[in-house]
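Colleague: I would like a close look at a single part of this model, taken together with whatever packs against it. Please go through one helix and its surroundings step by step.

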Amino acid sequence: MKYYIVIPAHNEQDLIGLTLQSLVSQTVLPSKVVVVNDNSTDKTEEVVLGFAKENPYISVVNKTSDAIHMPGSKVIQAFQKGFETLDSNYDIIVKIDGDLIFPPNYFETIIKHFESDPRVGMAGGFCYIDKNGEWILENLTDKDHIRGALKAYRAATFQQIGGLRPAMGWDTVDELLCKYYDWKIVTDESLHVKHLKPTGANYNKTARYKQGEAFYTLGYGFWITSIASAKLAMMKKKPFLFLDYIRGFWKAKKAKTPLLVTPEQAKFIRNYRFQKMKQKLF
């Protein structure tokens, strides 16, 4: 199976080389790697061009955008810019961040998951962060969720879910739509990926309400948003974030922010979330 990779990158001169080195060292190499140099003011482009010289399947696309790092929209707009430069001659499309180190067998293993069952629509490993010299699981989500930093989609699945939404919550709505269209999601605990910059390290103050807005645009409704917000605030060990998330939800509702899903999909999502919550309680 052929896989293409798109990497949105903003000021990643210190880390993108480590990511690319881990990609050119894969036991099954990617057919194409596009790095989208998103408004970088450092030497990100130079580092990528150095790799492209030796590895002709690597290319760089330059994009200008706001310097403010807003979760969701900026990164997916950059992904889209890179994706548009690709042909459709791939079996798997992959979106990764420019601050990861993959084990050499990562994509060989991912391909095996897709080959093992034609209903597997998405697959991924797990992010690990450095805590005092030890690599530990970056425990922000359930084990059945694939982190936004390393998403791999079957081509047919990617088309059916309508690609990626340029909004916060994109890396949840993709999986919920996978479930809606009856695709399987595989997470492989044997695949440990080093995440060199912990999630959300660069988010600014205006981003804090975005999580609540994301819950609203996913069609969660108030009660599921409240439970999800409490859980996320506890996982991040910042209980006051709960209030920010709830404020974000009400702000989005008041502004009649458009949903990322259809009413029918929103109904399915609420149902699915309630079932998952019930399973955990009983």
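Modeller: What follows is an account of helix α8, its partners and some loop positions, in a model that is predicted.

Start with the helix itself. Helix α8 covers residues 221–235, which is 15 residues. At 1.5 Å a residue it should span 21 Å, and its end C-alpha atoms are 21 Å apart, so the expected span and the modelled one agree. The residues of α8 that are buried are I224, T225, S226, A228, S229, L232 and A233. In an α-helix there are 3.6 residues a turn, so residues three or four places apart point the same way. The cover over the buried residues of α8 includes α7 (210–217), α9 (241–254) and α10 (263–281). These three helices can be taken in turn, beginning with α9.

The axes of α8 and α9 come within 8 Å of each other and cross at roughly 150°. An angle over 145 degrees counts as roughly antiparallel, and therefore α8 is roughly antiparallel to α9. The crossing of this pair, α8 and α9, is right-handed. On the α8 side the contact is made by G221, F222, T225, S226, S229, A230, L232 and A233. On the α9 side the residues are L241, F242, Y245, I246, F249 and W250. By class, the residues of the contact of α8 with α9 comprise 10 nonpolar, four polar and no charged. Of the α8 residues in this contact, several are also on the buried list, including T225, S226, S229, L232 and A233.

The packing against α10 has its own geometry. Here the axes of α8 and α10 are 11 Å apart, and the angle is about 50°. That angle makes α8 oblique to α10. The crossing of α8 and α10 is left-handed. From α8, the residues G221, I224, I227 and K231 meet R270, R273, F274, M277 and K280 of α10. Sorted by class, the contact of α8 with α10 holds four nonpolar, one polar and four charged residues. G221 of α8 appears in the contact with α9 and also in the contact with α10.

The remaining helix named in the cover is α7. Six of the eight residues of α7 are buried, so α7 is largely enclosed by the rest of the structure. The six are Q211, G212, A214, F215, Y216 and T217. What covers them includes α8 and α9. Helix α7 is thus listed in the cover of α8, and α8 in turn is listed in the cover of α7.

A loop position also belongs with α7. G169 is found in the loop between α5 (155–160) and α6. Its relative accessible area is 8%, under the 20% limit, so G169 is buried. Leaving aside neighbours within four places in sequence, G169 is in contact with A214 and L218. A214 is one of the buried residues of α7. G169 and G212 are 43 residues apart in sequence, and their C-alpha atoms are 9.7 Å apart in space.

Next, the backbone just past the helix ends. Just after α7, G219 takes a positive phi of about 80°. Just after α8, K237 takes a positive phi of about 60°. Most residues other than glycine have a negative phi. Two further non-glycine residues with positive phi are found in loops elsewhere in the chain. N39 has a phi near 65° and lies in the loop between β2 (32–38) and α2 (44–54). D182 also has a phi near 65°, and lies in the loop between α6 (170–180) and β9 (184–195). N39 has a relative accessible area of 23%, which makes it partly exposed. D182, at 58% relative accessibility, counts as exposed.

Finally, the loop that joins α8 to α9 holds K238. At 51% relative accessibility, K238 counts as exposed, because the limit is over 50%. K238 and D144 are 94 residues apart in sequence and 23 Å apart in space, C-alpha to C-alpha.

Conventions. Residues numbered from 1 in each chain as written. Predicted model: local features only at pLDDT ≥ 70, side-chain atom pairs only at ≥ 80, totals over all residues. Heavy atoms only, no water. Helix = DSSP H or I, 4+ residues; strand = E, 2+ residues; numbered from the N terminus. Expected span 1.5 Å × (residues − 1). Buried < 20%, exposed > 50% of the residue type's maximum accessible area, 1.4 Å probe, protein only. Contact = heavy atoms within 4.5 Å. Axes fitted to C-alpha atoms, helices over the stretch in contact; angles between N-to-C directions. Parallel < 35°, antiparallel > 145°, perpendicular 65-115°, else oblique. Left-handed = near helix turned anticlockwise from the far one by under 90°. Nonpolar A, V, L, I, M, F, W, Y, C, P; charged D, E, K, R; others polar.
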